[in-house]
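Please examine the sequence and the structure shown here before reading on. The explanation then moves through selected parts in turn.

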Amino acid sequence: MAELQNLAYVVIAASDLGAWRTYVETIVGAGTCEAAGGALGLRLDDHPWRVLIAPGVDDDMTHAGWDLGSDEELDEYVAALRAKGADVVEEAAGLAAARCVTRLYSLADPNGFRHEFFTGRTGLVADGGALSPILRGRFVTGDLGIGHILPVSKDYDEGVSWYRSVLGLRYSDRIRQEMAPGVYADATFFHTATGRHHSLATGAFPSPKRLNHLMLEFSDMNDVGFACDRAKKAGIPIVLELGHHPNDQMFSFYMRTPSGFGLELGYGGVVIEEGKWEPQVYPVMSDWGHARNMNMVD
């Protein structure tokens, strides 16, 4: 049965591309490039771009792009979506070219953005993304995709069901933390066929944005600490200080992006081996650290 291989890219509509360029090059350490339609491409590896910052007023995620691996798998996946009653459409060749793919389909998300499904990423580069010299290592991508997204669900039960039964994502685990007597923070985590602990998670909590955060993973733990130091020196708001998650084992911190949602930069995430993984429900979001900056509470 065809299924999603990895989260290959995301598209962000942003009101200040100049701020994003500075943020990416001097704080995050990614490469940048000019993309179709006046957009800014963020380069993490040999793909033409992995995050597309397009001119727009939303300052939020608009699209998430999923790799199906082959034409046959894409055809089978789209047929399965339609059999479920999903209104998946084939996108025009022009949009496929702008996304640097050979074939492209899309489907509206109940939480306000679109999922795109493709095969055949084009425009691969030989320089490994021309990353900033501020990095010691690289970004962890390849078959695992770019990292993960956490969109906020308007209806939590509906969101969890949709991501699992319609998109066909695999359940990883859940965190349900009691923040006050009878008041819980709840999130559910999903992975794709290649096994990054989660390529998508969702929760239900007050949020001005569709996207709570995007996570990018470094291959060198030191790059997490250096990025955190650079962010603080530059006056970038830190949402969660350095800490560690119990489920995906990620060492990370969270900071604000120029568009207002969060960016998690991490190291050491789990890759799930099917048949050996036992999903759990964890009682805490972080087993140490990740102290919240109360000035950042929306």
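The paragraphs below discuss a pair of helices and then two individual residues.

The model is predicted. A suitable starting point is the pair formed by helix α1, residues 17–28, and helix α5, residues 221–233. The axes of these helices lie 9 Å apart, and the helices pack at an angle of about 130°. Because of this angle, α1 is oblique to α5. On the α1 side, the residues in contact are Thr-26, Ile-27 and Val-28, and they meet Ala-227, Arg-230 and Ala-231 of α5. Sorted by class, this contact has four nonpolar residues, one polar residue and one charged residue.

The next residue to consider is Phe-118, which is found in strand β8, residues 114–121. Is Phe-118 buried or exposed? Its relative accessible area is 1%, and buried means under 20%, so Phe-118 is buried. Leaving aside residues up to four places away in sequence, Phe-118 touches several others, among them Ala-8, Tyr-9, Trp-66, Leu-74 and Val-101. Phe-118 and Phe-261 are 143 residues apart in sequence, and their C-alpha atoms are 26 Å apart in space.

The last residue is His-244, located in strand β14, which covers residues 238–244. With a relative accessible area of 13%, His-244 is buried. Which side chain makes a polar contact with the side chain of His-244? The partner is the side chain of Asp-287, at 2.9 Å. When residues up to four places away in sequence are not counted, the residues that His-244 touches include Gln-249, Phe-251, Trp-288 and His-290. Asp-287 also belongs to the residues touched by His-244.

Conventions. Residues are numbered from 1 along each chain as its sequence is written. This is a predicted model: local features need pLDDT of at least 70, side-chain atom pairs count only at pLDDT 80 or more; totals for chains, interfaces and linings use all residues. Side-chain values use heavy atoms; hydrogens and water are left out. Axes are lines fitted to C-alpha atoms, for helices over the stretch in contact, and angles run from 0 to 180 degrees between N-to-C directions. Helices (H or I, at least four residues) and strands (E, at least two) are DSSP runs, numbered from the N terminus. Angles under 35 degrees count as roughly parallel, over 145 as roughly antiparallel, 65 to 115 as roughly perpendicular and the rest as oblique. Contact means heavy atoms within 4.5 Å. Ala, Val, Leu, Ile, Met, Phe, Trp, Tyr, Cys and Pro count as nonpolar, Asp, Glu, Lys and Arg as charged, and the others, Gly among them, as polar. Buried means under 20% relative accessible area, exposed over 50%, partly exposed in between (1.4 Å probe, protein chains only). A polar contact is a pair of N or O atoms within 3.5 Å; within protein, one must be able to donate a hydrogen and the other to accept it, and residues adjacent in sequence count only if both atoms are side-chain atoms.
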